[in-house]
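Me: I have a structure open and want to go through it piece by piece. Can you take my questions as they come?

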Amino acid sequence: MEPDTDQNRTAQHRIPRKRVHGIAITRDVPDLVVLDGSRAHGLGEIRKGRESAHPRLLSLDAHGHILDWISWQDAACLYVRDAVAWTLGDPCLTIHGGYNRHNGAQSVLDLHPIIAARGHARGPGLMPSPALTNAALFARDAYLCLYCGDEFHRQQLTRDHVLPVSRGGRDVWENVVSACFHCNSRKGGRTPQQAGMPLLAVPYRPSWVEHLILSNRHILADQMAFLKSHLPRRNPRAA
Ligand SMILES: [Zn+2]
């Protein structure tokens, strides 16, 4: 935990000009400082450009359709632009902004864990498919090698193609599993049947909601409850 010094307390972070889920951020939010709710994580990490230790906010469209995780900076932009339609949950982060030149009052923003934004809507059947990355794949498989069943660090895992690419296997969620180096090299260019290495679980394509749960290690209770209520009614790991 960072010491509570004046230097930390006055750390300032300019919001980049960018687009948030189709909503154009057209002006900068100057001189925002995170003071409350994040102290336990240490402001020093923000000052180094690290946001991962701070809770990310779950963004929805105004109809309640789930969009994506957003940083507290992007969330602050939505509040300042009056683009927040409604919110769920008690405030989880308080951000202090600049001082009013006339009355000396400091602006304060209370950010909520779940934020529905105006100006962008997604149809209920149009959830995106998660991109297949090694990080997402290893998270899907709970950092287990699906051949030997042992747990590994991310650096010790590989992406194994169940039906090898050399045999026409595709690089898709349904044909890839996490495998340790040893099992991957032992299996080589063979199928699990040919290698006598049965899979411990059937590979599957995570839904967008599953992907959101797997891709954030700091999910708040309100967010987790909301996401779980939107999980598809299936249990692909039960096989
Ligand atoms: Zn293994």
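What follows is a run of questions and replies about this predicted model.

Me: Before I trust anything, what is the mean pLDDT of the protein?
Reply: Keep in mind that this is a predicted model. Of the residues, 73% reach a pLDDT of 70 or more. The mean over the protein is 79.

Me: Over which residues does pLDDT stay under 50?
Reply: Look at the start of the chain. The model does have 78 contacts beyond four places in sequence for that stretch, but pLDDT stays under 50 there. The stretch is residues 1-51.

Me: Now the fold. How many helices and strands does the protein have?
Reply: The chain has 239 residues, and buried ones make up 26% of them. Taking contacts with a separation of 6 or more, 64% join residues 24 or more positions apart. As for the elements, the count is eight helices and 11 strands.

Me: In what order do the four strands of the open sheet lie?
Reply: Start from the edges: strand E5 (66-70) and strand E6 (84-88) each pair on one side only. The twist averages 25° from one strand to the next, and the pairing is mixed. Reading across, the order is E5-E4-E9-E6.

Me: Which residue in E9 is the bridge partner of Ser 59?
Reply: Ser 59 belongs to strand E4 (residues 57-61), which pairs with E5 in the antiparallel sense over four bridges, and there the bridge partner of Ser 59 is Asp 68. E4 also pairs with E9, in the parallel sense over four bridges. In E9, the partner of Ser 59 is Ile 115.

Me: Which residue in the turn of the E4 and E5 hairpin has a positive phi?
Reply: The two strands have four residues between them. In that turn, one residue has a positive phi of about 95°. That residue is Gly 64.

Me: At about what angle does helix H3 run to E9?
Reply: H3 (residues 72-80) lies across E4, E5, E6 and strand E9 (114-117). Helix H8 (residues 221-228) lies across E4, E6 and E9, and runs at about 60° to E9. For H3, the angle to E9 is about 45°.

Me: How many of the nine residues of H3 are buried?
Reply: Among the buried ones are Trp 72, Ala 75, Ala 76 and Leu 78, and also Gln 73 and Asp 74. The helix is mostly covered. The count is eight of nine.

Me: Which element gives the most to the largest nonpolar core?
Reply: That core has 22 residues, and those with the most contacts inside it include Leu 57, Leu 60, Trp 72 and Ile 115. E4, E5, H3, strand E7 (93-99) and E9 each supply at least two residues. With six residues, the element that gives the most is H3.

Me: How many residues are in the other core?
Reply: This core lies apart from the largest one. Cys 145, Leu 146, Val 177 and Cys 183 are among its residues. In total it has 12 residues.

Me: Which residues of strand E11 are buried on the side opposite Val 177 and Ala 179?
Reply: E11 (residues 176-180) is mostly covered, with five of its five residues buried. In a regular strand the side chains alternate between the two faces of the sheet. Both faces of E11 are covered, and the side in question holds Val 176, Ser 178 and Cys 180.

Me: Which residue stands opposite Ala 179?
Reply: Five bridges join strand E10 (residues 157-161) to E11, and the two run antiparallel. Across from Ala 179 in E11 stands Thr 158.

Me: Is Asp 82 buried or exposed?
Reply: Asp 82 sits in the loop between H3 and E6, and has a positive phi of about 60° although it is not a glycine. It has 8 other C-beta atoms within 10 Å, and the cut-off for exposed is 12 or fewer. So Asp 82 is exposed.

Me: And Ala 142, buried or exposed?
Reply: Ala 142 is found in the loop between helix H4 (134-140) and E10. Its phi is positive, about 55°, although it is not a glycine. Because it has 12 other C-beta atoms within 10 Å, Ala 142 is exposed.

How values were computed: Residues numbered from 1 in each chain as written. Predicted model: local features only at pLDDT ≥ 70, side-chain atom pairs only at ≥ 80, totals over all residues. pLDDT = per-residue confidence, 0-100. Contact = placed C-beta atoms within 7 Å. Pairing = 2+ DSSP bridges. Axes fitted to C-alpha atoms, helices over the stretch in contact; angles between N-to-C directions. Buried ≥ 20, exposed ≤ 12 C-beta atoms within 10 Å, placed from the backbone. Core = buried A, V, L, I, M, F, W, Y, C linked by C-beta atoms within 7 Å.
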